[in-house]
Amino acid sequence: MSYKDVIKEACRLFDVHERDLLGPAQFNFLIPARFAVCKALVDRGNSQTLVAKWMNRNRTTIRNALIKANYLSQHNPEYRAKVKALTQLGVRQ
């Protein structure tokens, strides 16, 4: 599975449009989805620099997104389940 598949699935799970997820807008409803994509892509073995390129962000933004995604995952079981689904996308059980 490619990073594009993870992004498309995140858009479906979080009910956002891919254009918005990857765009410059900073609406509150987009932020958790972006964090989840960043975490899932890094957890799948991609570097922060590569994820930054795919997400049209800089590496520092990705690092901060990972910190916040970890926090949300610890405190919100529904969010944790979505991140897990993105991380395991295409992995056969």
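In this predicted model, helix H6 has a face turned away from its buried side, and that face carries the exposed residues Pro77, Glu78 and Lys84. The buried residues of H6 are Tyr79, Val83 and Leu86. Seen down the axis of H6, these buried residues fall within an arc of 60 degrees, so they line one face of the helix. A simple rule of helix geometry is helpful here. An α-helix has 3.6 residues a turn, so residues three or four places apart point the same way. The buried residues of H6 pack against H1, H3 and H5. At the start of H6, a side-chain oxygen of Asn76 comes to within 3.0 Å of the backbone nitrogen of Glu78.

With H6 described, the view can widen to the whole chain. The chain has six helices and zero strands, and its pattern along the sequence reads α-α-α-α-α-α. Its radius of gyration is 12 Å, close to the 12 Å that the globule rule gives for 93 residues, so the chain is as compact as a globular protein of that length. Taken along the principal axes, the C-alpha atoms fill a box of roughly 35 × 25 × 25 Å. Of the 93 residues, 35% count as buried. Among contacts with a separation of 6 or more, 53% are accounted for by residues 24 or more positions apart.

What lies at the heart of the nonpolar packing? The largest nonpolar core has 28 residues, and Phe14 and Met55 are those with the most contacts inside it. Each of the helices H1 (3-14), H2 (18-22), H3 (31-43), H4 (48-55), H5 (59-75) and H6 (77-87) supplies at least two residues of this core. The largest share, seven residues, comes from H3. A general tendency is worth recalling at this point. In soluble globular proteins, nonpolar side chains tend to be buried together. Met55 gives a good view of the packing: leaving aside neighbours within four places in sequence, Met55 is in contact with Ile7, Leu22, Arg34, Val37, Cys38 and Ile62.

One of these partners of Met55, Arg34, deserves a visit of its own. Arg34 is found in helix H3 and is buried, with a relative accessible area of 7%. Not counting residues up to four places away in sequence, Arg34 touches Asp20, Leu21, Gly23, Pro24, Ala25, Gln26, Met55 and Arg57. The side chain of Arg34 also reaches the backbone oxygen of Leu21 at 2.8 Å. By comparison, the C-alpha atoms of Arg34 and Asn76 are separated by 16 Å, with their positions 42 residues apart along the chain.

Ser73 offers another example of a buried residue. Ser73 sits in helix H5, and at 8% relative accessibility it counts as buried. Apart from neighbours within four places in sequence, Ser73 is in contact with Lys39, Tyr79, Arg80 and Val83. Two of these names, Tyr79 and Val83, also belong to the buried residues of H6. Ser73 and Val83 are ten residues apart in sequence, and their C-alpha atoms are 7.8 Å apart in space.

Why does the structure hold zero disulfides? A disulfide is a covalent bond between the sulfur atoms of two cysteines. The sulfur of Cys11 is 12 Å from the closest cysteine sulfur, in Cys38, which is too far for a bond. For comparison, the cut-off for a disulfide is a pair of cysteine sulfur atoms within 2.5 Å. Cys11 is buried, with a relative accessible area of 8%, and Cys38 is buried as well, at 4% relative accessibility.

Finally, the backbone holds a pair of details in its loops. Asp15 has a positive phi of about 55 degrees although it is not a glycine. Asp15 is found in the loop between H1 and H2 and counts as exposed, at 69% relative accessibility. Asn56 also has a positive phi, of about 60 degrees, and is not a glycine either. The place of Asn56 is in the loop between H4 and H5, where Asn56 is exposed with a relative accessible area of 53%.

Conventions: Residues are numbered from 1 along each chain as its sequence is written. This is a predicted model: local features need pLDDT of at least 70, side-chain atom pairs count only at pLDDT 80 or more; totals for chains, interfaces and linings use all residues. Side-chain values use heavy atoms; hydrogens and water are left out. Buried means under 20% relative accessible area, exposed over 50%, partly exposed in between (1.4 Å probe, protein chains only). A nonpolar core is a set of buried Ala, Val, Leu, Ile, Met, Phe, Trp, Tyr and Cys residues joined through side-chain atoms within 4.5 Å. Helices (H or I, at least four residues) and strands (E, at least two) are DSSP runs, numbered from the N terminus. Contact means heavy atoms within 4.5 Å. The arc is that of the directions from the helix axis to the C-beta atoms. A polar contact is a pair of N or O atoms within 3.5 Å; within protein, one must be able to donate a hydrogen and the other to accept it, and residues adjacent in sequence count only if both atoms are side-chain atoms. The radius of gyration is taken over C-alpha atoms; the globule rule is 2.2 Å times the number of residues to the power 0.38.
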